[in-house]
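Reader: I am in my first year and still learning to read helix packing. Could you take me closely through one place where two helices meet, and then connect it to the rest of the model?

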Amino acid sequence: LIYESNNHPDLNKIALEDLPGGPEAFELAAKFCYGIAVDLTAGNISGLRCAAEYLEMTEDLDEGNLIFKTEAFLSYVVLSSWRDSILVLKSCEKLSPWAENLQIVRRCSESIAWKACANPKGIKWAYTGKPSKVSSPKWNDLKDSSPSRSQPVPPDWWFEDVSILRTDHFVRVITAIKVKGMRFELIGASIMHYAAKWLPGLIKDGQGQGPADDMSISTNSNSSGGTGSSSWKGGLHMIVAGTKDDTPSIQAKDQRMIIESLISIIPPQKDSVSCSFLLRLLRMANMLKVAPALVTELEKRVGMQFEQATLADLLIPSYNKSETMYDVDLVQRLLEHFLVQEQTESSSPSRPPFSDKHMYEGTQRSNNPNAKMRVARLVDSYLTEVSRDRNLSLTKFQVLAEALPESARTCDDGLYRAIDSYLKAHPTLSEHERKRLCRVMDCQKLSIDACMHAAQNERLPLRIVVQVLFSEQVKISNALANSTLKDPAETQYQPLIPNHKTLLEATPLSFQEGWAAAKKDINTLKFELESVKAKYLELQNDMENLQRQFEKMSKQKQTSAWTSGWKKLSKLTKMTAVENHDIGPQISMAAEQTRKTPRRWRNSIS
């Protein structure tokens, strides 16, 4: 560079602004050129190797040049150590694209992947793991000792160390671990651990360990110095993470990049990560406007294990310009993905594929007939919660309630609760809209308690109340019949039920449909007849009340000679009851006749 600058005599200095590793690496390279001893460590080797490549310190100029020595240290010292491989990979974050082109990132990722996939029983090197009360080893013994030899090494021993890497390097390590054949459950657990560390608010309180805990450990180790009694965990985090005060806040752009990277490396097998984690990740993806293709992929993943979801995770706010408080359209899409997955699993062959045994086991665990029932209960609870939103349209409520097949619900109590809650929050619905809303519910699937509540519910349409009363009567009669059949004195009636079912199965389908339609018409006529009877009884009661009022008014206004004579006669009979006991019955009979006469006259008028 100096030789080339001879054409510019006024040039007094040469700037190496793009030198990888910065002034520290150039100083080490200059010391090496002048024969001063240079201490190669895991913290400076990557920068020094890139600087040597930039300065073209090859073997053509001198044997044992800096490129040769740094390559030998990387291959024989760094890549054989778990701790050094992670530190070098962490230091490569500021050396792009030099570290990538020199294959330092690839080689460190491969080394970390091989060691992570090793049998935990054979691990002799130190690792961070979870904080324990066992005293940590000295820095001098780190490369040859484990933090606690007496305790077995857990399968997730490598999670904490790998989680300190930048997202792109973490993706490289996880990809290499996948190629080595690690169990998908462990890979998913490591992704969840990484997300809990770098996505604040993703994991609920008490789950996982956030970066604050690790930063506090780093501060303590930093204050005690880098040598002496510092622990392996504190030393590592002191080097690669710094203190808590130096940690910058993660911006929305960085969070979006982390989420997109994590979605792309989640194992395709079912149950590799929890459904709750997927839903919280989906919530943040919608909030941060992640790429639509990745959001769709995440929604499909949630649909694969939708029966494991909880109501709290489903209540995702609507981050778009929707009028509703919660994203009901999102839950509708998740439910559709679940139904498609269920249909695919039911139509797929039952033989497991030979290539992926774990995927088959994860799929078969959830192919459970109770999955749809659990989803139905979840959807009913969700409808009950979102029905309080006054901006929720009737169409969205109805579409979500009718998305599941009828066989998914054995009892419609949860759906009735959601309908009642919707009617409370929307008192201005017309009679037609209320009938349309109640049409999603089957009155015959309501429990007796729900029937009793619905019979007294003034918000329901009259026709639905009549149906509920009729179904309640049918259930009571069926319960009485079942109790009678269970009586040992009448056990001979029990075989009638299967015979009746067999008879229905043997009937042609066209006859069954015609009978079902006729039965529906009969039930409709019964309902109308019951309503007419009820109205007739009400009118009869009103007529009797009017008659009583009319009788009282006539007694007060009309005082005839007959009534005054009747009072005198009654006094006379009381005074002479002992002497003239034979006349008394005749008078009483005459009085009864006089009482009955106006009653008959009123009946004739009615």
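**Two helices that cross**

Author: The crossing of H6 past H8 is right-handed, meaning that the near helix is turned clockwise from the far one by less than a right angle, while an anticlockwise turn would be left-handed. H6 and H8 are DSSP runs, numbered from the N terminus (H or I, at least four residues, for a helix; E, at least two, for a strand). The model is predicted, with residues numbered from 1 along each chain as its sequence is written, and its local features need pLDDT of at least 70. Side-chain atom pairs count only at pLDDT 80 or more, totals for chains, interfaces and linings use all residues, and side-chain values use heavy atoms, without hydrogens and water.

Two packed helices are described by the angle between their axes and the distance between the axes. Helix H6 covers residues 104-116 and helix H8 residues 167-180; their axes come within 8 Å and cross at roughly 50°. H6 is therefore oblique to H8. The axes are lines fitted to C-alpha atoms over the stretch in contact, with angles from 0 to 180 degrees between N-to-C directions. Under 35 degrees counts as roughly parallel, over 145 as roughly antiparallel, 65 to 115 as roughly perpendicular, and the rest as oblique.

On the H6 side the contact (heavy atoms within 4.5 Å) includes Val 105, Ile 112 and Trp 114, and on the H8 side Arg 172, Val 173 and Lys 180. Its residues are eight nonpolar, two polar and four charged. Nonpolar means Ala, Val, Leu, Ile, Met, Phe, Trp, Tyr, Cys and Pro; charged means Asp, Glu, Lys and Arg; the others, Gly among them, are polar.

Another pair is H2 (residues 45-54) and H3 (residues 66-78), with axes 9 Å apart and an angle of about 150°. H2 is therefore roughly antiparallel to H3. This crossing is left-handed. Leu 48 and Ala 52 are among the H2 residues that meet H3, where Phe 73 and Leu 74 are among the partners. The loop between H2 and H3 holds Glu 56, whose phi is near 55°, a positive value in a residue other than glycine.

Pro 97 lies in the loop between H4 (82-91) and H5 (98-101), and the peptide bond leading to it from Ser 96 is cis, with omega near 0°.

The chain's mean pLDDT, the predictor's confidence in each residue from 0 to 100, is 76. Over residues 131-147 pLDDT stays under 50. Where pLDDT is low, the predicted coordinates should not be read in detail.
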